[in-house]
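Trainee: I should like to go through this model with you, from its overall fold to individual residues. May we begin once it is displayed?

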Amino acid sequence: MQHTDQSRPQMISSVEPFLFQTLQSTLGRHVVIQTTKGSMRGRLTDVKPDHLTLQMEDATFLIRTQEIVWVLPKA
């Protein structure tokens, strides 16, 4: 019988493959991202399965993919 320690935290993350693929295709472009907390505008500098990196002027933001409502790539 295998014993599991249930007092240790476990990370569970859902990956949305279509959102991830869409975000990768807009890498390096300016985007508007609506999150559950509001909208953000900046240049998409990195995309990971669980978060993205958005550069806004002198600040860098890491946004969890689960918090994204929609993404609008700018021309």
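Mentor: Let us fix terms: helices (H or I, at least four residues) and strands (E, at least two) are DSSP runs, numbered from the N terminus, and two strands pair if DSSP finds at least two bridges between them. This is a predicted model, in which local features need pLDDT of at least 70 and side-chain atom pairs count only at pLDDT 80 or more, while totals for chains, interfaces and linings use all residues. Residues are numbered from 1 along each chain as its sequence is written, and side-chain values use heavy atoms, with hydrogens and water left out.

Trainee: Which residue takes a positive phi in the hairpin of S3 and S4?

Mentor: Strand S3 (residues 51–56) and strand S4 (residues 59–64) run antiparallel and are joined by six bridges. Two residues lie between the strands of this hairpin. Most residues other than glycine have a negative phi. The residue with a positive phi near 50° here is Glu 57.

Trainee: Is Glu 57 buried or exposed?

Mentor: Glu 57 belongs to the loop between S3 and S4. Buried means under 20% relative accessible area, exposed over 50%, and partly exposed in between (1.4 Å probe, protein chains only). With a relative accessible area of 78%, Glu 57 is exposed.

Trainee: Which strands stand at the edges of the sheet?

Mentor: The sheet is open, has five strands with antiparallel pairing, and follows the order S4-S3-S2-S1-S5. Each edge strand has a single partner, so one side of each is left without a neighbour in the sheet; these strands are S4 and S5 (68–73).

Trainee: By how much are neighbouring strands of this sheet turned against each other on average?

Mentor: Axes are lines fitted to C-alpha atoms, for helices over the stretch in contact, and angles run from 0 to 180 degrees between N-to-C directions. For neighbouring strands of this sheet, with direction ignored, the average is 45°.

Trainee: Which residue in S5 stands opposite Val 32?

Mentor: Strand S1 (residues 30–35) runs antiparallel to S5, and five bridges join the two. Opposite Val 32 in S5 stands Leu 72.

Trainee: What is the radius of gyration of the protein?

Mentor: The protein has one helix and five strands, in the sequence pattern α-β-β-β-β-β. The radius of gyration is taken over C-alpha atoms, and the globule rule is 2.2 Å times the number of residues to the power 0.38. That rule gives 11 Å for 75 residues, and the protein is well over this, so it is more spread out than a compact globule, with a radius of gyration of 15 Å. The C-alpha trace spans about 60 × 25 × 20 Å along its principal axes.

Trainee: Which strand supplies the largest share of the largest nonpolar core?

Mentor: A nonpolar core is a set of buried Ala, Val, Leu, Ile, Met, Phe, Trp, Tyr and Cys residues joined through side-chain atoms within 4.5 Å. The largest has eleven residues, among them Leu 19, Met 40, Leu 44 and Leu 54. Helix H1 (17–25), S1, strand S2 (38–47) and S3 each supply at least two residues of this core. The largest share, three residues, comes from S2.

Trainee: What is the relative accessible area of Met 40?

Mentor: Met 40 is found in strand S2. Contact means heavy atoms within 4.5 Å, and, not counting residues up to four places away in sequence, Met 40 touches Val 31, Val 32, Ile 33, Leu 54, Met 56, Phe 61 and Ile 63. Met 40 is buried, its relative accessible area being 16%.

Trainee: Where does Leu 19 lie, and which residues does Leu 19 touch?

Mentor: Leu 19 is buried, with a relative accessible area of 19%. Leu 19 lies in helix H1. Leaving out residues up to four places away in sequence, Leu 19 touches Thr 65, Ile 68 and Val 71.

Trainee: Which residue in S4 is the bridge partner of Thr 53?

Mentor: Thr 53 is found in strand S3 and counts as buried at 10% relative accessibility. Beyond its neighbours within four places in sequence, the contacts of Thr 53 include Arg 43, Leu 44, Thr 60 and Phe 61. Its bridge partner in S4 is Leu 62.
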